[in-house]
Amino acid sequence: LANLLLRFYEPQEGEILIDGQSLKNCTYSSIRKAVGIVNQENIIFDTTVRENIAFGKAATDNELWGILEKAYLKEEIENLPNGLDTVLGKGNMALSGGQNQRLCIARLMFRDPEIIILDEATSSLDFESESVVQAALDVLAKDKTTIVISHRYKALLHTDNILVLHEGEQVGYGPHDVLMAENQYFADMFAGQKEVTA
């Protein structure tokens, strides 16, 4: 579904609308500009923190520090040898997995896309890192159209509606509480996770 939204391929039937406008009438560049993605594994470039966030666009130090604060990463970057101008390098051993995620979130905050796709964005993190990354994602997604792709119960708790897929077919759609009460497949899928996180 996310690939359809990004026009990596076209729907064989029907159409996708954004604000009432058919996606097929939008250019590829306008779609990619409007959509930002946080994946499970994100790319950190072999360059400075500053360039990893601004990605070739002009940005003041104040702007970047403000974004890093919103991404819950300001203190960690301040503690790096050269702050914003620290070169992260191949493999990026300077930052942890959770910090890498928050750096990618900061990059999206700087871009400020209208639609956010979170694709298993916290699934590879430990509990402590996940909590901080989730807080940064909450800031990123505020007042945005956000699509959360997840197998994890916790990631879906604050969504408006959930589309439940099984083997490529829709088997449920609606708010979390309604699905838990009325959709046995959905309720069974998360029963074990709910006990663990309770």
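## Exercises: a hairpin and some salt bridges

Leu165 stands opposite Gln170 in β7. Let's start from that pair and work outward; keep in mind that this is a predicted model.

**Exercise 1. Find out which strand holds Leu165, and how that strand and β7 pair.**

Step 1: Look up Leu165, and you'll find it in strand β6.

Step 2: Check the ranges: β6 covers residues 162–166, while β7 covers residues 169–174.

Step 3: Now the pairing. The two strands run in the antiparallel sense, with 5 bridges between them.

Step 4: Take a look at the turn. β6 and β7 make a hairpin with 2 residues in between, and Glu167 in that turn has a positive phi of about 50°.

**Exercise 2. Decide whether Leu165 is buried, partly exposed or exposed, and name the surface patch it belongs to.**

Step 1: Recall the cut-offs: buried is under 20% relative accessible area, and exposed is over 50%.

Step 2: Leu165 has 44% relative accessibility, so it counts as partly exposed.

Step 3: On the surface, Leu165 joins Leu1, Leu163 and Tyr173 in a nonpolar patch of about 420 Å².

**Exercise 3. Work out which residues are linked with Arg50 in a network of salt bridges.**

Step 1: Begin with Asp61. Its salt bridge with Arg50 has the closest N and O atoms 2.6 Å apart.

Step 2: Place the two partners. Asp61 sits in helix α4 (residues 61–70) and Arg50 in helix α3 (residues 49–54), so this pair ties together parts that are 11 residues apart in sequence.

Step 3: Move on to Asp85, whose side chain meets that of Arg50 in a salt bridge at 3.0 Å, N to O. This pair links distant parts of the chain, 35 residues apart, with Asp85 in the loop between α5 and α6.

Step 4: Put it together: Arg50, Asp61 and Asp85 form a salt-bridge network.

Step 5: How open are the acids? Asp61 is partly exposed at 38% relative accessible area, and Asp85 is partly exposed at 41%.

**Exercise 4. Find where the salt-bridge partners Glu78 and Lys74 lie, and how far apart they are in the chain.**

Step 1: Their side chains meet at 2.9 Å, N to O.

Step 2: Both residues lie in helix α5, 4 residues apart, which is about one turn of the helix.

Step 3: Glu78 is partly exposed, at 41% relative accessible area, and Lys74 is partly exposed too, at 25%.

**Exercise 5. Sketch the whole chain in numbers: how many helices and strands does it have?**

Step 1: Count 10 helices and 7 strands.

Step 2: Add the burial: of the 198 residues, 39% are buried.

Notes. Residues are numbered from 1 along each chain as its sequence is written. This is a predicted model: local features need pLDDT of at least 70, side-chain atom pairs count only at pLDDT 80 or more; totals for chains, interfaces and linings use all residues. Side-chain values use heavy atoms; hydrogens and water are left out. Two strands pair if DSSP finds at least two bridges between them. Patches are made of residues with over 30% relative accessible area and no salt bridge: like charges are joined within 9 Å, nonpolar side chains (Val, Leu, Ile, Met, Phe, Trp, Tyr) within 5 Å. Accessible areas come from the Shrake-Rupley method with a 1.4 Å probe; for residues, only the protein chains shown count as cover. A salt bridge is a side-chain nitrogen of Lys or Arg within 4 Å of a carboxyl oxygen of Asp or Glu. Buried means under 20% relative accessible area, exposed over 50%, partly exposed in between (1.4 Å probe, protein chains only).
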